[in-house]
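Please look through the structure shown below, with attention to the surroundings of its ligand. The report that follows takes up the contacts, then the site, and then one residue of a strand.

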Amino acid sequence: MGYKIAVVGATGNVGREMLNILDERQFPVDELAVLASRRSLGTEVSFGDKTLKTQDLDTFDFSGWDIALFAVGSDATKKYAPVAAKAGCLVIDNSSLYRYDTEIPLIVPEVNADAIEGYKNKMIIANPNCSTAQMVVALKPLHDRATIKRVVVSTYQSVSGAGKEAIDELWDQTKSIYNPTDNKPPKKFTKQIAFNVIPHIDVFMDDGSTKEEWKMVAETKKIVDKDIKVTATCVRVPVFVGHAESVNIEFEDHLDEDEARDILRESPGIMVIDKREDGGYVTPVECVGDYATFISRIRQDSTIDNGLNLWCVSDNLRKGAALNAVQIAEVYVNRILSKR
Ligand SMILES: NC(=O)c1ccc[n+]([C@@H]2O[C@H](COP(=O)([O-])OP(=O)(O)OC[C@H]3O[C@@H](n4cnc5c(N)ncnc54)[C@H](OP(=O)(O)O)[C@@H]3O)[C@@H](O)[C@H]2O)c1
């Protein structure tokens, strides 16, 4: 028996990846609707060997549909997610709109799948920010063993995290560097992104941090443990897909680097590639299209009593968005829908 699934934002980066992942994981789909704005009405998207035409979200009737995977910005989510939820269709939302609502579960299935029960509150479940999702997959098993006190994270985030226009901007600007008559000034980003790095993602907060940095703090607390202190610096880099993070972790208890490596090797969603030799670590281009969060460079931080450093890389369109949303849908099917 399958289910009626709607992919909302099916022409976007995350929406297209959701379709790939539903197909790859053989999600039990009976009927699939692909929705976007009126602008792209009739645009064709692929689902396995099929081609589907997008429908207009504005006129779509969610009655009788089981799950809507939302991958549109917060404004469209605000307008349409309550409509779907009211019709009894579970919304799994990728925007940041509902993540901090105490009545709405924020789920990374490897970490807090049990929070699924909270779906009943509003028929909405939130998917975390891409940079948080990959980090908490690595933090959770280490926290269970040695209790994390504080995390210092610096991110190296790809342009696909900012949507399809951002990908075009990096591509066009990179080409224009070689052809100076074809000037491509920044539009999506605040400064030139080609051959550059930008320490600014999302808007500035009153304390000088950015909203992206704040999200990593608030979401780690909500998903893993409210007592973990996190400080983040989020940076955009000229990489198309794949976010990387340098993570420094301080624990209550001592955790040896070899034991940490063994724990991570046994943990769901993680692949440890950690050889202390040239190329014995994972970089963003190698993680593209993969499900795993890759951990490398695990080593003791000798400047504090109980500290470790590690390097964490994952496909932001997958674990950071589409894969995580489909995994939440799988939990909902296995624990709730299939029991009815
Ligand atoms: N990219 C990531 O790594 C990532 C990670 C986590 C979360 N997210 C979140 O996921 C969402 C989608 O991101 P994305 O990277 O896929 O963006 P994107 O590539 O720019 O795609 C946006 C999608 O939303 C649709 N859309 C926009 N406004 C709409 C409206 N008013 N009505 C109906 N459809 C509308 C677009 O349809 P048209 O083609 O018709 O314009 C398109 O399908 C965002 O909320 C983003 O913050 C992204």
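## Polar contacts of the ligand

In this predicted model, a side-chain N or O atom of Asn316 lies 3.1 Å from an oxygen atom of the ligand. The side chain of Ser37 likewise places an N or O atom 2.5 Å from a ligand oxygen atom, whereas with Ser160 it is a backbone N or O atom that stands 3.0 Å from a nitrogen atom of the ligand. The ligand, which taken alone exposes 900 Å², has 80% of that area buried by the protein.

## The shell and the pocket

The ligand is surrounded by 26 residues, of which Thr11, Ser37, Arg39, Ser40 and Val72 come nearest. By residue class, this shell comprises 14 polar, 10 nonpolar and two charged residues. At least two residues of the shell come from helix H1 (13-24), and at least two come from helix H10 (318-335).

As for the pockets of the model, the space that the ligand takes is the largest one.

## Ser46 in strand S3

Strand S3, which spans residues 44-47, includes Ser46. Ser46 counts as partly exposed because its relative accessible area of 45% falls between the cut-offs of 20% for buried and 50% for exposed. Although Ser46 and Ala10 are 36 residues apart along the chain, a distance of 9.6 Å separates their C-alpha atoms.

Conventions:
Residues are numbered from 1 along each chain as its sequence is written. This is a predicted model: local features need pLDDT of at least 70, side-chain atom pairs count only at pLDDT 80 or more; totals for chains, interfaces and linings use all residues. Side-chain values use heavy atoms; hydrogens and water are left out. Helices (H or I, at least four residues) and strands (E, at least two) are DSSP runs, numbered from the N terminus. Buried means under 20% relative accessible area, exposed over 50%, partly exposed in between (1.4 Å probe, protein chains only). A residue is near a molecule or strand if one of its heavy atoms lies within 4 Å of it. A polar contact is a pair of N or O atoms within 3.5 Å; within protein, one must be able to donate a hydrogen and the other to accept it, and residues adjacent in sequence count only if both atoms are side-chain atoms. Accessible areas come from the Shrake-Rupley method with a 1.4 Å probe; for residues, only the protein chains shown count as cover. On a 1 Å grid over the protein atoms alone, a cavity is a set of points where a 1.4 Å probe fits but cannot get out, and a pocket is an open set with protein on both sides within 12 Å along at least five of seven lines; lining residues have an atom within 4 Å of a point. A molecule sits in a cavity or pocket if more than half of its atoms lie within 2 Å of its grid points. Ala, Val, Leu, Ile, Met, Phe, Trp, Tyr, Cys and Pro count as nonpolar, Asp, Glu, Lys and Arg as charged, and the others, Gly among them, as polar.
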